[in-house]
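Please open the model in your viewer and keep the selection tool at hand, since this tour moves from one selection to the next. At each stop, select what is named and then read what is there.

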Amino acid sequence: MSEHLSDSALRLCGELCRSLGWPPQDFWQATPAELFCIFANQNGDPAEGLTRGELAALLEQDRHD
């Protein structure tokens with residue numbers, strides 16, 4: 001294999017940006033968890049909702065970021 005992992009990763013990042021319609025800065029600011037959420041339900045299963053406690057924790061974390 002002549003292509004390095006970094007070359008492949010960079011190419012795949014570009015493909016993901018194009019497929020999501022995201023500018024590069026949005027991709028690089030996304031967390032792995034956010035990317036997982038985008039692709040987690042590709043089979044059509046409904047996403048599980050957040051509990052009230054989970055939502056409160058996320059909002060609290062966002063306030064401190």
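Begin with Arg-63 and Glu-60, which are three residues apart in helix α4 and are therefore separated by about one helical turn. If you show their side chains, you will find that Arg-63 and Glu-60 meet in a salt bridge, with 3.5 Å from N to O. Arg-63 is exposed, at a relative accessible area of 62%, whereas Glu-60 counts as partly exposed, at 34% relative accessibility. Please keep in mind throughout that this is a predicted model.

Stay with helix α4, which covers residues 52-64, and select Leu-58, which also lies in this helix. Is Leu-58 buried or exposed, or does it fall in between? With a relative accessible area of 44%, Leu-58 is partly exposed, because that value lies between the limit of under 20% for buried residues and the limit of over 50% for exposed ones. Now add Leu-50, Leu-55 and Leu-59 to the selection, and with Leu-58 you will have the residues that make a nonpolar surface patch of about 380 Å².

Next, move along the chain to Arg-18 and Glu-15 and display their side chains, which meet in a salt bridge with 2.8 Å from N to O. How far apart are Arg-18 and Glu-15 in helix α1? The two are three residues apart in this helix, which spans residues 5-20, so that about one helical turn separates them. Arg-18 counts as exposed, at 58% relative accessibility, while Glu-15, at 41%, counts as partly exposed. With this pair and the pair formed by Arg-63 and Glu-60 you have visited both salt bridges, since the structure holds two.

Finally, clear the selection and look at the protein chain as a whole, preferably in a cartoon view. Which elements does the protein chain contain? There are four helices and zero strands, and when the chain is read along its sequence the pattern is α-α-α-α. If you then switch to a surface view, the accessible surface of the protein chain comes to about 5800 Å², and 59% of that area belongs to carbon and sulfur atoms. Of the 65 residues in the protein chain, buried residues make up 11%.

Key:
Residues numbered from 1 in each chain as written. Predicted model: local features only at pLDDT ≥ 70, side-chain atom pairs only at ≥ 80, totals over all residues. Heavy atoms only, no water. Buried < 20%, exposed > 50% of the residue type's maximum accessible area, 1.4 Å probe, protein only. Areas by Shrake-Rupley, 256 points an atom, 1.4 Å probe, with all protein chains shown as cover. Patch = residues over 30% accessible without salt bridge, like charges linked within 9 Å, V, L, I, M, F, W, Y side chains within 5 Å. Salt bridge = Lys/Arg side-chain N within 4 Å of Asp/Glu carboxyl O.
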